[in-house]
Amino acid sequence: MNILLSILTILPLIAPHTWNIDDAADEHPGYFRGEQTYTHTFRIEKDAQHAYVLCFDGVNQEAWVKLNNREVGYHAGGYTRFSFDVTDYVQSGENTLAVLVSNAYNADIAPLSADFTFFGGIYRPAYLRVTGKTYIAEDGVCVRSPMVNHKKAIIEVETEIVNDTKSIIVEHTLFNPDGKEVKRIRVQAECLKKKPCRLAIKEPQLWSPDSPQRYTIVTRLIDRKNGQVCDENRTPIGLRYYRFDPNTGFYLNGQHLKLVGTGRHQCEQGYGNALTDAQHRRDIQMIKDMGANFVRISHYPQSRMVMDMCDSLGLLCSVEIPLVNAITETEAFRRNCLLQLEEMIKQNRNHPSVILWGCMNEVLLRPPYPKSSDKDSVYLTCVHNLAVALHRRCKELDQERYTMIAYNDNYSYNRLAGLYDIPDVIGLNLYHGWYSGTIGTVSKCINKCHHDYPQKPIFITEYGADCDTRLRSDKPTRFDYTEDYALYFHQCYWPVIRDSDFIAGGALWNFNDFHSEQRGGAVPHYNLKGIVTTHRVPKLVYYYYQTELLTDSVKRHTARLAMEKYPLHVSTLTSNTQGTRCYLLGTNRIFIDPRNELSWYPMDSTCMDGGHPYYVKTRFGRLPASDHDILGTNNDPIYQTAWIGAKHIRIPLPDGRYRVVLHWAELQQAGEPVKSVYNLGNDAVKEEFTEREMTIYVNDRMLVQDLNLTSQYGAFTAHEEAMNIDVSDGTLHIRLEASKGESLLNAVQIIPL
Ligand code: GCB
């Protein structure tokens, strides 16, 4: 066969990059959201027989593209691919590409706000595709399988062709999973405008999580006049059939399957959202290795590699548009949502792993108007209409797949907007026992939804609790950020999902700790609900799911051992370097500081004379630690708990000479408490606060006089004072004399000299 030599040439232009790697996690609130221009020069020898297509896999979130100083096009939406035919713009010799990119807020583009960082830049590859003059449009092959069962499969292929089709023949060759050709058909391109090509095969090898075997369709455009192949496309496909049942859950290839898995965000510390293919591959492999069979690709479409991995490893998935938290009531916003949805479907429709299209996530979380106001009811109607439009568009573009909306846990409000009636599948994001209530109420809430919507399959789209691998406790509580509470949370939720027949499955939140710039917490600027850290180190919960889900008994055993060995009291006090003792005040948490190889333990409250542990008062009760970013440290948990109002602290200590370091951060401030965007009702309520001033003595020697943390160092800022002392009566004495307000102390470190 005579193949045009240069077809399928891909010229890489711009490597993945984001400009927010540093400022998305520094101590200054906010990160750069604005415009930047990328310029790149490249050389080609232009050939009249070729077409040139400029492709971008992902640019967040608006792009204005110029080639050789001429405007080529514009794209709005940060998570889908786009391309331009630049045949008329390229020239032989040097070419200059200039892309103006903006990640600034734009009221007409979703997402408007969300619990993740909107990294700006050309963060997925940009490249030039060189093809024959007539070519297959980007994502222009659409493969459907309107009928699949164990005996027979019918495959339909549609091909979108750009430029002159008159002399073009389209050839589709189907290869089975072993690479053997099983069918080949040729049709005149002109005929394809009316109906798709059909291929039927007997006894197809079905695709499933246990056996993710794929057929491949190779589509070629052949010029009838000279027999040249002017473009070629390979589409791996999987043949499977499935359905959701509102009472009994999910079925794949006729077999019941409880869907279990996780959501996944595309970011990592040090890379932002500009991940390499190897990083994407690693993530999906880890999800598979956890024993999952499902990934919620959230909250936006992700890279090709992610989808290819889901297909090849056998992970079912949902893909969604980034319509999160709120909408703008404009036609422009509605059009942008539909555009993002259409692009998502076109780009992901051939993946056998995809079973659900997500239309919205928690879209009523941040309504702009007071509840029950006139404006609110107009807004709810607008949200409702948008949901209907998105659901309908999915159905027009893809008759096979189900639609899903993920709802925040405000049942009556979502109900008022009529949102549960719209999609095929109801997705519940549940945080009982984290943001609200107690874990015990979760079943009741799911059962109520099932009772009210008996025709709708239910999928648990999110559940999870933040935790920091450095924090442990043998008395775990809500919002303590310990691994132990997160484990307890999952140990309560997973059995509910597993054992309720009508629940199709669940996707925990989230696979990885992910960037969310506006967050405080134990590691500020990250959402810590990951079951692996930002660097993909498994947490306890990851091992827990392995013990629950893996079928291989050796692997399950290994996971169990990993859980057992996972340290509660990582070391005894004496194992701290050279006998250093580190105490946290007013908490049950243990803080393990791997950088300095120190473990910090709760100080026994019998050492304290007077006062009480610090806590945060919220609408949902007390929280055990501040989740404010503590400035000047990476060890925020040392400072996020404290003892308030102690007069005298007595710490038993063998006689000898020591360096004593006291650690402080003021955890309260006058005026309105800072609202933390994602604590959903767990914001601190306003309390009276009197500034404090204290003089501190260690074994009767004055350490610091009239210490006023707020005025001298600022609230929420780490500060320490140290002195060398001799202990001769078996006790270290710390006296705190408050001249204003109550005393405060966060942590004590004692280093033998
Ligand atoms: C949610 C959101 C998700 C957040 C998550 C959380 O319900 O859908 O985007 O990251 O809660 O951790 O608060």
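**Notebook: D311, the ligand site and T695**

I started at D311, whose side chain makes a polar contact with the side chain of H351 at 2.5 Å. I was working on a predicted model. A second polar contact, also listed at 2.5 Å, joins the side chains of D311 and S353.

Next I placed D311 in the fold. D311 sits in helix 3, which covers residues 304–313. Is D311 buried or exposed? I found a relative accessible area of 1%. The cut-off for buried is under 20%, so D311 is buried.

I then listed what D311 touches beyond four places in sequence. The contacts are W207, P212, R214, H351, P352 and S353. I also checked D311 against P209. The two are 102 residues apart along the chain, yet their C-alpha atoms are separated by 8.8 Å.

**Domains**

I looked up the division of the chain. Domain 1 spans 5–132 and domain 2 spans 136–237. Domain 3 runs over 257–563, and domain 4 over 581–752. How far apart do the C-alpha centres of domain 1 and domain 4 lie? I noted 49 Å for that pair.

**Ligand site**

I turned to the ligand. There are 13 residues around the ligand, and D115, H299, E362, Y435 and K529 come nearest. By class, I noted 4 nonpolar, 4 polar and 5 charged residues in the shell.

Which distances did I note from polar side-chain atoms to ligand oxygen atoms? For H299 the distance is 2.6 Å. For N527, a polar side-chain atom lies 2.8 Å from a ligand oxygen. For Y431 the value is 3.4 Å, again to an oxygen atom of the ligand. I also checked the cover. On its own the ligand has 320 Å² of accessible area, and the protein covers 98% of that.

**T695**

My last stop was T695. T695 lies in strand 43, residues 693–698. Relative accessibility came out at 9% for T695. With the buried limit at under 20%, T695 therefore counts as buried.

What does the side chain of T695 reach? I found the backbone nitrogen of D706, at 3.0 Å. D706 also appears in the contact list of T695, which leaves aside neighbours within four places in sequence. The other entries there are M702, V704, Q705, R735, L736 and E737.

**Recap**

I keep two buried residues on the page: D311 at 1% and T695 at 9%. The D311 side chain has polar contacts with the side chains of H351 and S353. The T695 side chain reaches a backbone atom, the nitrogen of D706.

Notes. Residues are numbered from 1 along each chain as its sequence is written. This is a predicted model: local features need pLDDT of at least 70, side-chain atom pairs count only at pLDDT 80 or more; totals for chains, interfaces and linings use all residues. Side-chain values use heavy atoms; hydrogens and water are left out. A residue is near a molecule or strand if one of its heavy atoms lies within 4 Å of it. A polar contact is a pair of N or O atoms within 3.5 Å; within protein, one must be able to donate a hydrogen and the other to accept it, and residues adjacent in sequence count only if both atoms are side-chain atoms. Accessible areas come from the Shrake-Rupley method with a 1.4 Å probe; for residues, only the protein chains shown count as cover. Ala, Val, Leu, Ile, Met, Phe, Trp, Tyr, Cys and Pro count as nonpolar, Asp, Glu, Lys and Arg as charged, and the others, Gly among them, as polar. Domain bounds come from an automatic or database domain assignment. Helices (H or I, at least four residues) and strands (E, at least two) are DSSP runs, numbered from the N terminus. Buried means under 20% relative accessible area, exposed over 50%, partly exposed in between (1.4 Å probe, protein chains only). Contact means heavy atoms within 4.5 Å.
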